[in-house]
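Open the model in your viewer and keep the selection box handy. We will go from stop to stop, and at each one you will be told what to select and what is there.

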Amino acid sequence: MQKRKLHLIGNAHLDPAWLWTWREGYAEVKATFRSALDRMNEFPEFCFTCAGAAYYSWVGESDPGMLEEIRERVKEGRWVIAGGWWIQPDCNAPCGESFARHSLYGQRLFLEMFGVTAKTGYNVDSFGHNAMLPQILKLSGMDSYVFMRPGDMEKDLPSLFWWESDDGSRVMAHRLPFSYSLWYEGYEGDPDDPEFRSKPMIERKLIGTKRLSEKLETDLMAFYGVGNHGGGPTIENLKLLNRLKSDPKWSDLLVFSSPDLYFKEQDGLGIPVVHSDLLHHAMGCYSANSEIKALNRRAEHRVLAGEKFAAMAYAMLGLDYPFDVIKKAWTYIMFNQFHDIMGGCCIKEASRDAIESFGASLSISAEVSNLALQKIAWAIDTMGGSQASVDKEKGWMLWELEDKGAPLIVFNPLSWPVSASIQAGLDVSGVTNEKGEPIPIQKVRGQKTNFSDKWDTLFIGDIPAMGYRVYWINSSAKAAELLIKSKAEAQGLVLENQFIRLELDELTGHIKSLKDKKTGLEFIKGHGAVPVSIDESDCDTWAHGKARFSGETQ
């Protein structure tokens, strides 16, 4: 039988925020990197792997001397750059563009600092991995991927496989056995003898990994080093590994290695293909702390819109593109996508920090968009060649052009046309499009309360993709008649039109019946739209080991 190698991966899993805030994480990164450099001086065979561009950014800004030491070790090949992303994020909640920015800013930082980019994707503690990551990894210069979750009990996966996304992109993926640190305890099949239980944890883990490697007939990675709060490989870890390597039973099996070297030595022949997402672990992370998740999506949308508008203003009008400002907004977002922050399983103080930095990102992105849109809007010829001037004779809120009114420019940063409701922040009598055609309007309650001036105007606008449209709002023009094709009627607790009939329950207000009048199909009968309260007290924040929440009450 072919002997299998165990690739010893010295690492330090660093949670920049979890049961502590990012300030403590900042200090822990520096302490851990200092320890790794010291161990390299003491143990010439030791290799160290650490992912997370944000950590190197912190060290670069606070300790340039340490960064120079790391550069020398990277040149030697003993300090291994992995991951290629800004942080180890939650790999389900962020949008696709966020993953692209993790790669953009992460790989760019590694290239600028060390002259190399990461070849291996590295998310060993994330709670699942979306199905399109192979495409993003491949396009970002990474052709392999190491992860740990989902575990054996959560998804049936090979230890080593080709992971394929819908577009056909493939990366070689390896699921870590047991853990990303020293931890190894209580696995089925552990030798039941006093000597095994008395051995150091790292040796027990190696015994278990060796047995698994023989069973699977494949090489495996064996991660070692104190993790979560940093630390990395200890002096005792390295002394023990050196003793084992001098033992004939282990000498041909153990190799100080890196994820890059592990994947390089796998020929890829006969490796199965997995074409799916890598879920499911810790479903509680996708329901806990909804505020963080909502802020993340708002910040993503706003900074993406800012990028587009800034690019348009640069291309059309020569406005300087704010590279550094946009990068700052993205770094706040990417950091907060760290799996314990985005997953809602960090302490309250760390969540407060995330809320503050999301606010900074939103503010920065708003400033970027405003400058670009103001520049573009003022360059649009809304006068149509007219020599007339605008004034406020008709009202203190509007600069109106004779009988035409005031121009309202509506922008669409999306790559598809949008038909959406537009709320003008004042009460006007009419709205027309660029052809002068009147548009139906509706008077709605505004945000302001200023005597009788507390109303806004709502209308439906059709805006082209990645473009704009000019509407004219007028304080004296007549509004278009709103033609209603399907009239709704209400009688008692029943609301219906020619298509549907809705009936509400008299006592609860719940939907009693919802019927399609054309087909006669009753979609809801009895109780609909009933608020649900879920008892989550029987699990931890992550909902480890739960397939569903039970104990729902109405």
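In which loop is P150 found? Select P150 and look to either side: P150 is in the loop between β5 and β6 (160–164). Strands here are DSSP runs of E with at least two residues, helices are runs of H or I with at least four residues, and both are numbered from the N terminus. Now show the backbone, and you will find that the peptide bond from R149 to P150 is cis, with omega near 5 degrees.

A word about what you are looking at: this is a predicted model, in which local features need pLDDT of at least 70 and side-chain atom pairs count only at pLDDT 80 or more, while totals for chains, interfaces and linings use all residues. Residues are numbered from 1 along each chain as its sequence is written, and side-chain values use heavy atoms, with hydrogens and water left out.

**The whole chain**

Zoom out and colour by secondary structure: the protein chain has 14 helices and 22 strands. Its C-alpha atoms fill a box of roughly 95 × 60 × 45 Å, taken along the principal axes. Of the 554 residues, 47% are buried (buried is under 20% relative accessible area, exposed is over 50%, and partly exposed is in between, with a 1.4 Å probe and protein chains only).

**β4 and β5**

Select residues 120–123, which make up strand β4. T120 and Y122 point one way, G121 and N123 point the other way, and all are buried. Add residues 144–147 for strand β5, which pairs with β4 in the parallel sense over four bridges; two strands pair if DSSP finds at least two bridges between them. One bridge to look for joins T120 to S144 in β5. To follow the chain from β4 to β5, add helix α5 (residues 133–139); this β-α-β crossover is right-handed. The term means that, with the strands pointing away from the viewer, the path from the first strand over the helix to the second runs clockwise.

**A parallel sheet with helices on it**

Next, select β8, β1 and β9, which form an open sheet in that order with parallel pairing. Why do β8 (220–224) and β9 (254–256) each have one side without a neighbour in the sheet? They stand at the edges, each with a single partner strand, so one side of each is left free of a neighbour there. Strand β1 (residues 6–10) pairs with β8 over five bridges in the parallel sense, and the bridge partner of I9 in β8 is F223. Now show helix α7 (residues 201–216), which packs on the sheet, touches β1, β8 and β9, and has a direction that makes about 170 degrees with that of β8. Helix α8 (residues 235–245) also touches β1, β8 and β9 as it packs on the sheet, and its direction makes about 135 degrees with that of β9. Angles run from 0 to 180 degrees between N-to-C directions, and axes are lines fitted to C-alpha atoms, for helices over the stretch in contact.

**Two residues with positive phi**

Step into the loop between α7 and β8 and pick E217. E217 is not a glycine, yet its phi is positive, about 55 degrees. With 52% relative accessibility, E217 counts as exposed. Then jump to A282, in the loop between β10 (273–274) and α11 (290–317). Phi of A282 is also positive, near 55 degrees, in a residue other than glycine. Is A282 buried or exposed? At 6% relative accessibility, A282 counts as buried.

**An antiparallel sheet**

Select β12, β16 and β15, an open sheet of three strands in that order with antiparallel pairing. The edges are β12 (418–424) and β15 (442–450), each with a single partner strand. Seven bridges join β12 to strand β16 (residues 453–463), and V418 has I463 as its bridge partner in β16.

**Last stop: W472**

Finish at W472, in strand β17 (residues 467–474). W472 has a relative accessible area of 4%, so it is buried. Contact means heavy atoms within 4.5 Å; leaving aside neighbours within four places in sequence, W472 is in contact with residues including T382, L401, K404, P407 and N433. For a distance check, draw a line between the C-alpha atoms of W472 and I439, which are separated by 9.8 Å.
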